[in-house]
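This short report covers one strand pair and the nonpolar cores. Look at the structure first.

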Amino acid sequence: MPNLRLWAFALALISLFMTEPARAASSPPLLARGEYLARAANCVACHTVAGGAPFAGGLKMAVPGLGAIYGTNITPDKQHGIGLYTYEDFERAVRRGVARDGHRLYPAMPYPSYAKIASNDVRALYAFFMEGVPAAAVPNKPSEIRAPLNWRWPLKLWNGLFAPDVGFTSDPDQSAQWNRGAYLVEGLGHCGACHTPRGLLFQEKGLDASDGDFLRGAELDNWFASNLRGNARSGLGQWSEPEIAEFLATGHNRHSTAFGTMIEVINNSTQFLTASDLTAMAVYLRSLPSDDADERYRYDSASTQALRSGSLQSNGARVYLQTCAACHGMDGKGFAPWLPPLAGNPVILDKDPVSLVNVTLNGSARIVVRGMPDAYRMPQFRVALGDQDIADVLTFIRSAWGHDADEVDAKDVQGLRQSTDPASTEIHVLRMK
């Protein structure tokens, strides 16, 4: 009998060392927090394609001048995903841009921003991706960047120059609410990855509120990510904190409506945040000073009177009356919040008209809030209107109602027509449960 007990003990000991240690199940509150943080970080934006398994990768992302890369599989699949990642592996990839096998990630993964994520939040994210996301056996797609430009080792130098490995530090001179907003905007939300201009080596020119380039607006993938600073015309200078929070929650407010890639942010990220977090983000954004000494926009009714009287002096005004006035009004004030105003809209007043050209050519996808698709969306006019007509109507809009933005060139419309496709009518909203 003693010998049998000894053998049983020996077999159990051998089994313990030969079996992969089981990961202790995380508590439901931790998993729920991880899911919330994944929403705040909008992980779905780069790691899920319409119709594909959640977080299984495959999204094609263009790298200017280099080629294209694809979002990777971050499900717990052990062959193609991150199923073999330890917490330490996961943390290093998220905050430092280094994969489990040691290769460096392209900074399309916003680890310069994610470096600010607190350790307890990284642990919650790890728990969610390991236990709250179904494994998907979807192979990763290789990048389309050719050698030697696809070599990864120079990224170590790039990281040393442009990706400081520092966490978020609260500003003692600001309120707890402001600091929470800064943490969400600068870190988890990585707003700067789209809204901050890039340097010659594709680095963000600013990573936090201390830099005047941070969130100054930037062209990205044939859109212009708006200036989020306090500019009176082309920024958020005329938006109140409640209006910023309303926009993040619904994609609409009295000033503007989300379009382009911002719809993905509304549909899968910000609408799921708590009211207190949205308010904190609004408080932080409203605190950012203007980067320009522009004057506050003032409405001028002369264009409205001309449209109503029929005394149209340009082809652009005629095109506007025929194709735009029904939704945006002869007075350019739209029917907020559903049909956005054009008069005073920061997108109209921006120096770069690429977003206006893109949305006019290709239309806009639907905003979906609380499961309800938006009843109104911008249609595409790439078939109905020629390049000159689009240039003329946008030039009219950018000079009407007190606007003084530059003209739009038909050659720019032609170039964007050739390099873009109509917006998909497919609704892409990730349902995690």
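Along S1 the side chains alternate. Met61 and Val63 point to one face and are buried, while Lys60 and Ala62 point to the other and are not. Buried means under 20% relative accessible area, exposed over 50%, and partly exposed in between (1.4 Å probe, protein chains only). Strands (E, at least two residues) and helices (H or I, at least four) are DSSP runs, numbered from the N terminus.

This is a predicted model: local features need pLDDT of at least 70, side-chain atom pairs count only at pLDDT 80 or more, and totals for chains, interfaces and linings use all residues. Residues are numbered from 1 along each chain as its sequence is written, and side-chain values use heavy atoms, with hydrogens and water left out.

S1 (residues 60-63) pairs with S2 (residues 67-70) in the antiparallel sense, over four bridges. Pairing requires at least two DSSP bridges between the strands. Three residues separate S1 and S2 in this hairpin. Gly65, in the turn, has a positive phi of about 80°.

| S1 residue | Opposite residue in S2 |
|---|---|
| Met61 | Ile69 |
| Ala62 | Ala68 |

A nonpolar core is a set of buried Ala, Val, Leu, Ile, Met, Phe, Trp, Tyr and Cys residues joined through side-chain atoms within 4.5 Å. The largest has 67 residues; Phe90, Phe129 and Leu285 touch the most other members. Helix H6 (residues 119-132) gives the most to this core, with seven residues. A second, separate core of 35 residues includes Leu342, Val357, Phe396 and Ile397.
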